[in-house]
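Colleague: Could you walk me through one part of this model up close? I'd like to see what sits around a single residue and then how that spot fits into the rest.

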Amino acid sequence: MNRINKREESMKISVEEALKRIAAGQMVIVTDHEDRENEGDLVGAARFASPEMVNFMATNARGLICVALEESLCKRAGLGLLNQNGGPDAIHGTRFCTPIDAIEGCTTGISAYDRSITLTRLCADDCRPEDFARPGHMFPIMEAEGGLAARQGHTEASVYLAREAGLEGASVICEMMDVDGHMVRGGRIDELAREWHLGVLSVNDIVEYFNAQQKAPAEDAAAGALPELALPTEAGEFRMEFINPEEGAADEHFCLFKENGSLQAAGPLVRIHSECLTGDLLGSRRCDCGPQLDEARRRIQEEGTGYLLYLRQEGRGIGLRAKIRAYHLQDGGMDTLDANLHMGYPADDRDYRMAGAYLLKKGIRKIRLMTNNPDKIGQMEAAGLVVTRVPLVVGEKDENRFYIRTKQDRMGHLSA
């Protein structure tokens with residue numbers, strides 16, 4: 001009975017589940033259209049292509065192991081299309097580039113270990129054309145111009161999965177060939193998925209998800225939502241959009257962000273900053289909020305990718321008037337925590353759940369969170385994000401030393 005149940009168990013997964021698995025360094029099986037190749041490919045994020053993943057593909061899937069790349073990553077690595085003479089494209093229009101091997105750390109280039117080095121080198125932020133020997137044993141395929149909107153193949157689908165999982169647009173893929181030498185199709189894909197404990201989804205599933213994501217902004221605009229806009233600032237060029245895009249939303253939280261298509265393995269830099277009018281706008285030295293805001297913007301600008309979520313939660317959620325009353329109590333000897341409690345407010349009434357929902361909606365699953373506040377980390381992890389803390393310590397001044405020490409000693413805030 002157990003064997004029957006296992007055989008009948010469906011390994012079908014949603015795109016959302018596939019994104020979680022890709023972001024966690026796992027593989028999925030993506031099936032093609034029945035009227036196209038009608039095959040299954042193993043797909044994983046190139047950044048997480050360990051020797052074990054490559055060896056599994058070579059041993060079990062047996063097809064050609066390739067790396068599907070968005071065009072910007074091909075250009076960064078100096079990868080040119082093999083077909084540059086105007087002749088016919090490869091079957092199904094696959095855009096193969098010159099095969100490569102990483103130079104540093106590789107021997108012949110063919111081992112699972114060598115190919116893993118080549119794959120992870122392609123994802124490195126400092127990747128350069130001179131890092132690779134040509135020809136080699138790793139076969140890059142360039143995403144079609146326009147991505148899934150232009151071509152609905154394994155290449156475009158796998159690149160899209162990597163990007164939506166919060167990584168760079170680079171996936172390692174391998175066609176599934178059976179022990180008899182024929183390509184794996186139909187029910188045999190399900191059998192192997194159960195044997196390997198891998199989830200299955202189709203290119204069509206990914207296209208439908210992609211279309212829904214593209215349709216959502218247009219529907220929001222029709223319903224009165226505000227689109228994103230370019231916002232040049234003293235810290236650099238950013239884009240801005242409301243976290244809740246509906247016109248007339250009570251909480252006008254917004255995000256300043258930059259996106260250049262390149263992410264570290266731990267995800268983009270993120271700052272979740274609660275409004276502090278006195279510190280952010282007026283330059284008050286009673287707190288460290290203004291310098292933290294400026295430093296977060298500087299780091300995002302320097303890296304070229306990142307998100308600064310600005311939440312309208314003045315005074316840890318009690319509002320500006322109450323915060324000013326708390327300042328009067330602090331001038332009388334109370335610390336920031338006791339002042340809030342004395343007025344009948346919680347020590348900290350801020351809610352970061354909308355920030356987590358916003359990031360997940362953008363397809364981000366891992367973040368490097370610039371914070372000293374463990375509550376932010378806990379709330380983001382509870383929302384389903386993988387968090388790496390990046391300290392944001394900007395230094396004490398005479399006027400805010402007591403405030404900062406109170407946060408550390410009584411509220412558990414972290415230091416560098």
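Modeller: Sure, let's start at Ile29. Leaving out residues up to four places away in sequence, Ile29 touches Gly40, Asp41, Leu42, Met176, Ile189, Ala193, Trp196, Leu198, Gly199, Val200 and Leu201, where contact means heavy atoms within 4.5 Å.

A quick word on the ground rules: this is a predicted model, where local features need pLDDT of at least 70, side-chain atom pairs count only at pLDDT 80 or more, and totals for chains, interfaces and linings use all residues. Residues are numbered from 1 along each chain as its sequence is written, and side-chain values use heavy atoms, with hydrogens and water left out.

Now zoom out. Ile29 is among the residues with the most contacts inside the largest nonpolar core, which has 40 residues; Leu42 and Met176 are also on that list. Such a core is a set of buried Ala, Val, Leu, Ile, Met, Phe, Trp, Tyr and Cys residues joined through side-chain atoms within 4.5 Å, and buried means under 20% relative accessible area (1.4 Å probe, protein chains only). Elements that each supply at least two residues of this core include strand S6 (170–176) and helix H7 (187–196); helices (H or I, at least four residues) and strands (E, at least two) are DSSP runs, numbered from the N terminus. Val30 belongs elsewhere: a second, separate core of 28 residues includes Val30, along with Ile141, Val159 and Ile206.

Step back along the chain to helix H2 (residues 15–23), and you'll find Val15, Ala18, Leu19, Ile22 and Ala23 buried. They lie on the same side of H2, because they cover an arc of only 130° around the axis, taken from the directions from the helix axis to the C-beta atoms. Just after H2, Gly25 has a positive phi of about 85°.

Technical notes:
Buried means under 20% relative accessible area, exposed over 50%, partly exposed in between (1.4 Å probe, protein chains only).
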